[in-house]
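Got your viewer open? Have the selection box ready, and let's walk through this one stop by stop.

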Amino acid sequence: MTDNKSCEEPATKKIRKESPSKAGAAHALNDANGDGVTYGETGVVRKRTEVENQVISHEKEAENIVEALPKDEKVIPKVELFLPEILKNAVFVGHLVTDLDSVAGAIGAAALYGGTPALASEVNSETAFALEYWGIENPKRIEEILKENESADICLVDHQQTSQMNPSIKADQVVGVIDHHALQSKTLVTDKPIYIDIRPWGSMSSIIAHTFLTHGRRPAKGIAGMLLCAILSDTLNLQGPTTTEWDRLMVAVLAEIAGVDDIQLLASQQFKAKSKELATLSTHALVNGDQKTFSFDASGFTGEIGFAVVETTDDDVILQKAGKLIPEMVACKKEKGLDMIFLAIVNIVKLKSCLLLCGPTEKDLAIQAFGGEISRHDTLMDLGNRVSRKKEFIPVITRIINNGWKRPKNLKRGLSDIGLQDLGHLEVDPNDPYGSIERVGSTLEEDKDEEKKEDDEMLIVG
Ligand SMILES: [Mn+2]
């Protein structure tokens, strides 16, 4: 709700001049503007996001691939003969605590190899969003399918650790594994050889998409859309450390097939659906999931400001993470070469917000712009009933900067006064089925636990 479709980016639905037959994901982005997007009425320029840049830079490649595919997804070329017979009519199922990559991967694999998709557990809010968005039916639960056919062949997707398998599956009925995770100590052991396709890519759905292409098959629009959303989810919009060139290319190809004109809008809507389950989001995801960069060139300040938004119905859950969010913001600012970074926590029920401040420069600008009450040792500002980045946050910041705001001098340096080498690095948690990304080895760890607890209690503003 902070950015709605009607006023997000203009001109994404322009009529394409060259090739009207194409979905033209990259075309639409290019038509919209040069290397940035004019944001709202203020004239401020939002920089293209990573996912937009990648779709644009893979435009030609993606178009060539999509054009070469048969127009009808039901056409089965001869090469289909080489699809693994062992997977025919198998049940494709992802991991417990199931996520979008598992569900989309199962749906895509079932369509590709011929079989039935199944759920290992109930879908999360992000998966429910994607299923509804693309008009795809919820797959059945694996328990239900196995009740009807106890000895069905099973192909595990997006996992191969027995600890992540649905307990109703017996190891000896597994005929295949399609996955992108490390082979750790709990890797499934089998008596007979099975079909294995494991690639070190950012998403299991990228593997399925790629196999569609190498078999000359065009996934149906809804399936392409599901696979696309799954890659965006597992790679955090192609920003995560596990992202590979394959994931980037598959996003460009799938956006073309699914007819997605505004990839960033889709990514934002998806992140909003995902953040309904805040507890499952890492601090890295919270800071980077819906962050936009704005460029300024004014008399007193020239530079770039990152502005992230997290929508929630429960401020407390996220404010309890403030002690980790602040250092992650500082790290993100350093890594992206931003001059400032803000994170607004928007309560979409109470329609009020607060702003996390990760340094004295941010604090100074926020005081000038919003003047809200500050708490939590200068790191949190009450923004009152402002809730829209597009209409209420960025325009005010832009006005202050255009009116000559200058970076204050002689500030006591905050956390930002730290070298890149001390930021640690992003790592995928191998034990987390979600594959959540966390920062490891940073010297930025803020306050001690107890202190933090006290602070957090202090700052839960009504
Ligand atoms: Mn995955």
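Start by selecting helices H7 and H9: they pack at an angle of about 65°, their axes 10 Å apart. Axes here are lines fitted to C-alpha atoms, for helices over the stretch in contact, and angles run from 0 to 180 degrees between N-to-C directions. The crossing of H7 and H9 is left-handed (the near helix is turned anticlockwise from the far one by less than a right angle; clockwise would be right-handed). Show side chains for Ser206, Ala209, His210 and Leu213 on H7, then Trp246, Asp247, Met250, Val253 and Leu254 on H9, and you have the contact. Contact means C-beta atoms, placed from the backbone, within 7 Å. Colour the H7–H9 contact by class and you get six nonpolar, two polar and one charged. The classes are Ala, Val, Leu, Ile, Met, Phe, Trp, Tyr, Cys and Pro as nonpolar, Asp, Glu, Lys and Arg as charged, and the others, Gly among them, as polar.

Some ground rules before moving on. This is a predicted model, in which local features need pLDDT of at least 70 and side-chain atom pairs count only at pLDDT 80 or more, while totals for chains, interfaces and linings use all residues. Residues are numbered from 1 along each chain as its sequence is written. Helices (H or I, at least four residues) and strands (E, at least two) are DSSP runs numbered from the N terminus; the protein has 16 of each.

Stay on H7 (residues 204–214) and pick out its buried residues: Met204, Ser205, Ser206, Ile207, Ile208, Ala209 and Phe212. Buried means 20 or more other C-beta atoms within 10 Å of a residue's own, exposed means 12 or fewer, and partly exposed is in between, with C-beta atoms placed from the backbone. What lies over the buried part of H7? The cover includes H4, E6, E7, E8, helix H8 (221–234) and H9. Just past the end of H7, click glycine 216, where phi is positive at about 65°.

Now keep H9 (residues 245–258) and add H2 (residues 50–57): their axes come within 9 Å and cross at roughly 75°. That makes H2 and H9 roughly perpendicular to each other, a label for angles of 65 to 115 degrees (under 35 is roughly parallel, over 145 roughly antiparallel, the rest oblique). Val51, Gln54 and Val55 of H2 meet Arg248, Val251, Ala252 and Ala255 of H9. The classes in the H2–H9 contact are five nonpolar, one polar and one charged.

Next, the sheet. Select E5-E4-E3-E6-E7-E8, in that order, for an open sheet of six strands with parallel pairing; two strands pair if DSSP finds at least two bridges between them. The edges are E5 (140–141) and E8 (195–198), each pairing on one side only. Bring in H4 (residues 100–113), which packs on the sheet and touches E3, E4 (115–119), E6 and E7 (174–179); the direction of H4 makes about 170° with that of E4. Zoom in on E3 (residues 90–93) and E6 (residues 154–157), joined by three bridges. One to label is phenylalanine 92, whose bridge partner in E6 is cysteine 155.

Two loop stops to finish. Lysine 71 sits between H3 (59–68) and E3, and is exposed, with 8 other C-beta atoms within 10 Å. Draw a C-alpha distance from lysine 71 to arginine 217, 146 residues apart along the chain: 9.1 Å. Serine 299 is in the loop between E9 (291–297) and E10 (302–312). Its C-alpha is 8.4 Å from that of lysine 406.

How values were computed. Two residues are in contact if their C-beta atoms, placed from the backbone, lie within 7 Å.
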